[in-house]
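Got a new structure in front of you and not sure where to start? Let's take a walk through it together, one piece at a time.

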Amino acid sequence: MSKFPDGFLWGGALAANQCEGAYLEDGKGLSVPDVIKGGTMDTPRKVTTTIHEGEYYPSHEAIDFYHRYKEDIALFGEMGFKCLRVSINWSRIFPTGEDEEPNQAGIDFYRSMFEEMHKNDIEPLVTLSHYELPFALAKKYGGWSNRKLIDLFVRYTKLCFTEYKGLVKLWITFNEINCLCAPFGNVMGAGIMPPEDNTLLDFSVKVEWDDEQRRYQALHHQFVASALAVKAAHEIDPENKVACMIASRAVYPYSCRPEDVLLAQKMERICNHYCGDVHARGAYPSWAPRLWEEKGVSIDMEPGDEQILAEGKVDFYTFSYYKSSTVSTDPTVEAGTGNVFYDDALNPYLKFSDWGWAIDPKGLRWYLNDMYDRYQIPLMVVENGLGAADTVEEDGSIHDDYRIDYMREHVEQMAEAVHDGVDLMGYTMWGPIDIVSAGTGEMKKRYGFVYVDKHNDGSGDLRRAKKDSFFWFKKVCETNGEELQDPSSAHGVIRDPCVYLAR
């Protein structure tokens, strides 16, 4: 008996702004990522108010998926993907977000992409908003802090549901919507831009220009927009299934001190349950008013909002999982590295990636059980992977055993969760082909099974190459997760060197 159910959706996940490029081609408008410069692990990205000529913005070319999607999807098909998560860039459909007529070239591009997936027997899973707000809406309205964006978003989603009816049945409204519970969410998640040009894209817990009232109000607007989109999706095509998407945080107390335990509970509530409850239960959690009080936040709800949330519950729950978090109330405890969104304590029982992220496969099992116990709807892991610096050998091969080890251990823990009784419908690892890192804006932090010849300074010829992990994941897909060993080492499979694929 298989560890995973029949029809399990093995695959990968991409975001338009991190892979497509062609940032102003065929009628596309600027989106927020188009005004965020490149960076590195040690050099933060900067957000600009206009495009600075002669400076490097990674999204402008990215990996040129816009022109190479057929060959890239063919590689995913060769691996045996059952599902590919992608996003639609809103500004490719409505360049300013509120144009009277949509951009037909953008509509046609995504239709062709979805058709190409089906030719390769790959089910599309489509994110409607993956950090890709039209920049014009950020400038004119202050992003999602303005309620006007609800109607604009719903109009955009209805067009997508109508245009791609029959091609797409699995949808996600907002990517990692809970990032708005932290200052980082301002720019990427809500299009709330910093007041000055060339401002650091700051992942700190405290950001000088952050306004929690504005940020939590923007999040409420997204909740309402998501619920209305869910309702529209079901009306336009009853076969549509719509999910939320949460940046998971498996939170551990650093010690058994009651203060640490309470802090861990509070962080889990804010990071996981605040957004999850609204999406899956259709209402804010009972403790939300106290959270608002502590933060000095007053949510402006219009009549009917609560009913909209109650009627717009999601069909399934998706999330990203890269790392667990450990929290402490003791200021002398050593801080962790690679923090995203929040301050973590250093967990002495875990290893860490080159970018400082805790590697914790068992945390994924814990999170799956925790969320399924709470919501009792199907779950799907739609982002998981290891960002690492890969080396291309002289013969063109890329030996990424570290990535295989990371993913094998996480898949093993997913199997344990399924055995625990979790209804898990799929796994789309993050970045099946190397793409621009959202956090650092670099190419050196690679996740893919497929290597792309592109570097932090924008150089490279964009050729693709298969890594060792390509062949490993192909076997995982073929066996529905039964075979998790490296096929080259465990079974003596002879394969061609991972030479560059010509274009």
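Here is a tour that starts with the strands, moves on to the helices and ends in a loop.

One thing to keep in mind as you look around: this is a predicted model. Begin with the sheet. Eight strands close into a barrel here, and if you follow them around, the order is S1-S3-S4-S5-S7-S9-S13-S14. The pairing is parallel. On average, neighbouring strands of this sheet are turned by 25° against each other, with direction ignored. As a bit of background, strands of a sheet pair through backbone hydrogen bonds, and they can do so in either a parallel or an antiparallel way.

Now zoom in on S3, which covers residues 83-87. How many of its residues are buried? Five of the five are, so you can call this strand mostly covered, given that buried means under 20% relative accessible area. Look at which way the side chains go: Cys83, Arg85 and Ser87 point one way from S3, while Leu84 and Val86 point the other way. Whichever way they point, all of these residues are buried.

S3 has a partner on each of two sides that we can visit. Take S1 to begin with, made of residues 9-13: three bridges join S1 to S3, and the two strands run parallel. In this pairing, Gly11 stands opposite Cys83. Then there is S4, which is joined to S3 by five bridges and also runs parallel to it. Here Leu84 has Pro124 as its bridge partner in S4, and Ser87 is matched with Thr127 in S4.

Stay with S4 for a moment; its residues are 123-129. Is S4 enclosed or open? It is largely enclosed by the rest of the structure, because six of its seven residues are buried. Moving on around the barrel, four bridges join S4 to S5 (residues 170-174), and again the strands run parallel. Thr127, which we just met as the bridge partner of Ser87, also stands opposite Ile172 in S5. A little further along, Ser129 stands opposite Phe174 in S5.

Time to step off the strands. Helix H8, residues 212-236, packs on the sheet and touches both S5 and strand S7 (241-247). The direction of H8 makes about 160° with that of S5. A good residue to pick out in H8 is Ala233. Is Ala233 buried or exposed? It is buried, because its relative accessible area is 0%. Leaving aside neighbours within four places in sequence, Ala233 is in contact with Phe161, Asn240 and Val242. You can also compare Ala233 with Trp171: they are 62 residues apart along the chain, and their C-alpha atoms are separated by 8.8 Å.

H8 has a helix to pack against as well. To describe two packed helices, people give the angle between their axes and the distance between the axes. For H8 and helix H9 (residues 258-281), the angle is about 35° and the axes are 10 Å apart. The crossing of H8 and H9 is right-handed. Tyr216, Leu219, Phe223 and Ser226 in H8 meet Ile270, Tyr274, Cys275, Val278 and His279 in H9. Sorted by class, the residues of this contact are seven nonpolar, two polar and no charged.

There is another helix pair to look at: H13 (residues 401-420) and H14 (residues 468-478). Their axes come within 8 Å and cross at roughly 30°, which means that H13 is roughly parallel to H14. This crossing is right-handed. Which residues of H13 meet H14? They are Asp401, Arg403, Ile404, Met407 and Arg408, and across from them in H14 are Asp468, Ser469, Trp472 and Phe473. By class, this contact has four nonpolar, one polar and four charged residues.

Last stop, a loop. Glu101 sits between helix H3 (90-93) and helix H4 (104-119). Glu101 counts as exposed because its relative accessibility is 61%, and the cut-off for exposed is over 50%. From the C-alpha atom of Glu101 to that of Pro124 the separation is 25 Å, with the two residues 23 apart along the chain. Pro124 is the S4 residue we met earlier as the bridge partner of Leu84, and that brings us back to the barrel.

Notes: Residues are numbered from 1 along each chain as its sequence is written. This is a predicted model: local features need pLDDT of at least 70, side-chain atom pairs count only at pLDDT 80 or more; totals for chains, interfaces and linings use all residues. Side-chain values use heavy atoms; hydrogens and water are left out. Two strands pair if DSSP finds at least two bridges between them. Axes are lines fitted to C-alpha atoms, for helices over the stretch in contact, and angles run from 0 to 180 degrees between N-to-C directions. Contact means heavy atoms within 4.5 Å. Buried means under 20% relative accessible area, exposed over 50%, partly exposed in between (1.4 Å probe, protein chains only). Angles under 35 degrees count as roughly parallel, over 145 as roughly antiparallel, 65 to 115 as roughly perpendicular and the rest as oblique. A crossing is left-handed if the near helix is turned anticlockwise from the far one by less than a right angle, and right-handed if clockwise. Ala, Val, Leu, Ile, Met, Phe, Trp, Tyr, Cys and Pro count as nonpolar, Asp, Glu, Lys and Arg as charged, and the others, Gly among them, as polar.
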